[in-house]
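Work through the exercises below with the model open beside you. Try each task before reading its solution.

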Amino acid sequence: MSFYVLRHGQTDWNVQMRLQGSTDIPLNETGRAQAHVAAKILAGEGITKIIASPLSRALETARIVGAAAGIEPVIDGRLIERNFGLFEGMTIDEVHQHREDMREHMNPQADVDGKHYPWDAEPLPEVIDRVYACINDYRETGKCLFVFHGIPFRAVTRKFLNDMYSSPNAAPVRFEDTDGKWRMVPLDPDNAPIQQIYNAQTTMGRI
């Protein structure tokens, strides 16, 4: 049994290194081009169902891939990106700068990734649980492709690989179960996930 995962294409906020979270930022032209590259790569995989986050950057990516395969995506709100609360719209540098300044707004308990987030941010375990539930609801109903975001991608790798990976924009991967052990197979060797590390260059995606 296998399923496929694709993070959305690039947005202007990705270029600016801003946390998008639940803010609905659209694809830019590079992101659309990335989605078309992913569609070509996925064309030979025999995908029968596409499930997408409702946010436009993911849904447009899913529709570009779906148009090439003759599939209309199913929208599932459980795949939405994590809400980062007060951090949304900030650049990565601004987040580091303001963690101390925003101390009164911060949860003193580090989340499961070892970082502190504002009280109004969605807890990472809740993201992991809702994404995992969605994957399990669909993954045996056909050859499924899930199109979503960076934190849900980390959620999937944590649950199925017991590790966290960061995905570049529009990097298609296949998750395979062999004798009860899951592995992740990048389908674009030039645009593959990286282990646990936030990297500005590799998370921007191909093109």
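The exercises go from the sheet to the helices and then to the core; the model is a predicted one.

**Exercise 1. In what order do the six strands lie in the open sheet, and which strands stand at its edges?**

Step 1. Read across the sheet: the order is 3-2-4-1-6-7, with mixed pairing.
Step 2. Look for strands with a single partner: these are strand 3 (74-75) and strand 7 (181-186). They stand at the edges, so one side of each has no neighbour in the sheet.
Step 3. Check the pairing of strand 7. Its partner, strand 6 (residues 173-178), runs antiparallel to it over six bridges. R174 stands opposite V185 in strand 7.

**Exercise 2. Describe how strand 1 pairs with strand 4 and strand 6, and state whether its residues are buried or exposed.**

Step 1. Take strand 6. Strand 1 pairs with strand 6 in the antiparallel sense, over four bridges. F3 has F175 as its bridge partner there.
Step 2. Take strand 4. Here the pairing with strand 1 is parallel, again over four bridges. V5 is bridged to F146.
Step 3. Sort the side chains. In a regular strand they alternate between the two faces of the sheet. S2, Y4 and L6 point one way from strand 1, while F3, V5 and R7 point the other way.
Step 4. Apply the cut-off: buried means under 20% relative accessible area. Six of the six residues of strand 1 are buried, so the strand is largely enclosed by the rest of the structure.

**Exercise 3. Characterise the packing of helix 5 against helix 6.**

Step 1. Two packed helices are described by the angle and the distance between their axes.
Step 2. The axes of helix 5 (residues 124-138) and helix 6 come within 9 Å and cross at roughly 75°. The two helices are therefore roughly perpendicular to each other.
Step 3. List the contact. Helix 5 contributes L124, V127, I128, V131, Y132, I135 and N136. Helix 6 contributes I151, P152, A155, V156, R158, K159 and F160.
Step 4. Classify these residues: eleven are nonpolar, one is polar and two are charged.
Step 5. Place helix 6 (residues 150-161) on the sheet. It lies across strand 1, strand 4, strand 6 and strand 7, at about 140° to strand 7.

**Exercise 4. Which residues have the most contacts inside the largest nonpolar core, and which element supplies its largest share?**

Step 1. This core has 34 residues, and F3, F87, F146, F148 and F175 have the most contacts inside it.
Step 2. Helix 5 supplies the largest share, seven residues.
Step 3. Follow F148. Among the residues it touches are V5, L79, V131, I135, F153 and V156.

Note on methods
Residues are numbered from 1 along each chain as its sequence is written. This is a predicted model: local features need pLDDT of at least 70, side-chain atom pairs count only at pLDDT 80 or more; totals for chains, interfaces and linings use all residues. Side-chain values use heavy atoms; hydrogens and water are left out. Two strands pair if DSSP finds at least two bridges between them. Contact means heavy atoms within 4.5 Å. Axes are lines fitted to C-alpha atoms, for helices over the stretch in contact, and angles run from 0 to 180 degrees between N-to-C directions. Angles under 35 degrees count as roughly parallel, over 145 as roughly antiparallel, 65 to 115 as roughly perpendicular and the rest as oblique. Ala, Val, Leu, Ile, Met, Phe, Trp, Tyr, Cys and Pro count as nonpolar, Asp, Glu, Lys and Arg as charged, and the others, Gly among them, as polar. A nonpolar core is a set of buried Ala, Val, Leu, Ile, Met, Phe, Trp, Tyr and Cys residues joined through side-chain atoms within 4.5 Å. Buried means under 20% relative accessible area, exposed over 50%, partly exposed in between (1.4 Å probe, protein chains only). Lists of a residue's contacts leave out its neighbours within four places in sequence.
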